[in-house]
Amino acid sequence: MKEVKYKGLCTKLIEELKSKGIQDSKVLEAISNTPRHLLFDPVFRDKFAYQDIAFPIGENQTISQPYTVAFQTELLKINRASKVLEIGTGSGYQTAVLCYMGAKVLSIERHKSLFQSAKLFLSQNNYRAQLFFGDGFLGKKVFAPFDGIIVTCGAPYIPEALKSQLKIGGRLVIPVGEGDVQQMKLITRLNNKEYEETSYGDFKFVPMLKNLNN
Ligand code: SAH
């Protein structure tokens with residue numbers, strides 16, 4: 001149960017997300033029931049947990065901005081029967097939102113420390129996602145095909161492996177671009193060979209990287 005103080009702050013955040021154009025009531029419900037404050041150090045919790053901003057989580061990475069999480073989740077169009085693959089577990093916030101929506105969620109993270117802390121957060125709060133430590137460029141072929149794939153880091157290009165792991169009709173939501181700004185793209189698989197691509201404007205993400213330098 002969320003403390004009353006955080007419920008109030010979260011209600012304001014939901015109003016802000018609506019005013020920015022988020023309409024899917026299931027997505028808004030998931031965000032209002034996901035305890036984002038638990039992912040913040042107590043020092044920053046009251047001030048920042050329910051602001052619509054990204055925030056550092058260590059390893060030079062950030063917990064995604066709630067608007068971005070809402071926007072990408074809305075584009076995925078998932079339901080309780082969906083199997084979803086997330087690339088970039090990070091804090092586990094987006095993972096928790098997807099779990100709340102009833103999807104079967106698999107998520108990959110390339111930083112060991114973030115993989116471990118997200119695993120702890122999710123299991124302690126009864127979110128049943130399957131987490132993997134590894135390289136998201138490869139997807140998770142043994143568990144494919146997926147109804148949805150969501151990439152939460154800025155990809156230099158659209159990895160073929162991810163496209164090929166979509167079901168027919170499946171949706172890949174991926175921010176693409178190598179600089180400071182990425183274009184949000186939705187790739188829908190039409191049949192075995194064909195995909196449709198739609199762009200949804202500019203967003204800012206930490207980069208999707210292949211090899212760890214540390
Ligand atoms: N969904 C996260 C966002 C975290 S930021 C959240 O809600 O908190 C993006 C994450 O993608 C970072 O944790 C980063 O380490 C991870 N990442 C970057 N490149 C990756 C790759 N190739 N495979 C898996 N994870 C990757």
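**Q94, the ligand site and the nonpolar cores**

A polar contact of 2.9 Å joins the side chain of Q94 to that of T73 in this structure, which is a predicted model. Q94 belongs to helix α5, and its relative accessible area of 4% places this residue among the buried ones, because buried means under 20%. When neighbours within four places in sequence are left aside, the residues in contact with Q94 are V69, Q72, T73, E86, I150 and T152.

Q94 also takes part in the surroundings of the ligand, since a polar backbone atom of Q94 lies 3.2 Å from an oxygen atom of the ligand. An N or O atom in the side chain of E109 is 2.6 Å from an oxygen atom of the ligand, whereas at R110 a polar backbone atom is found 3.4 Å from a ligand nitrogen atom. On its own the ligand has 580 Å² of accessible area, and the protein covers 99% of this area. Around the ligand there are 27 residues, of which G88, S91, E109, G136 and L209 come nearest.

The interior of the protein can be described next. In soluble globular proteins, nonpolar side chains tend to be buried together. Here the largest nonpolar core comprises 45 residues, and within this core L17, I22 and I31 have the most contacts. Two or more residues each are given to this core by the helices α1 (4-19), α2 (25-32), α4 (66-76), α5 (93-100) and α6 (112-124), and also by the strand β8 (182-189). The largest share, 6 residues, is supplied by α4. Apart from this core lies another one, made up of 19 residues, including I149, V151, L162 and V176. With residues up to four places away in sequence not counted, L17 touches I22, L28, I31, D52, P66, Y67 and A70.

Helix α2 shows how a single element can be divided between a buried and an exposed side. Its residues V27, L28, A30 and I31 are buried, and, seen down the axis of α2, the buried residues fall within an arc of 160°, so they line one face of the helix. These buried residues pack against α1, α4 and α5, while the face turned away from the buried side carries S25 and K26, both of which are exposed. At the start of α2, a side-chain oxygen of D24 reaches to within 2.9 Å of the backbone nitrogen of K26.

Terms used. Residues numbered from 1 in each chain as written. Predicted model: local features only at pLDDT ≥ 70, side-chain atom pairs only at ≥ 80, totals over all residues. Heavy atoms only, no water. Core = buried A, V, L, I, M, F, W, Y, C linked by side-chain atoms within 4.5 Å. Buried < 20%, exposed > 50% of the residue type's maximum accessible area, 1.4 Å probe, protein only. Helix = DSSP H or I, 4+ residues; strand = E, 2+ residues; numbered from the N terminus. Contact = heavy atoms within 4.5 Å. Near = heavy atom within 4 Å. Polar contact = N/O pair within 3.5 Å; in protein donor to acceptor, adjacent residues only side chain to side chain. Areas by Shrake-Rupley, 256 points an atom, 1.4 Å probe, with all protein chains shown as cover. Arc of directions from axis to C-beta.
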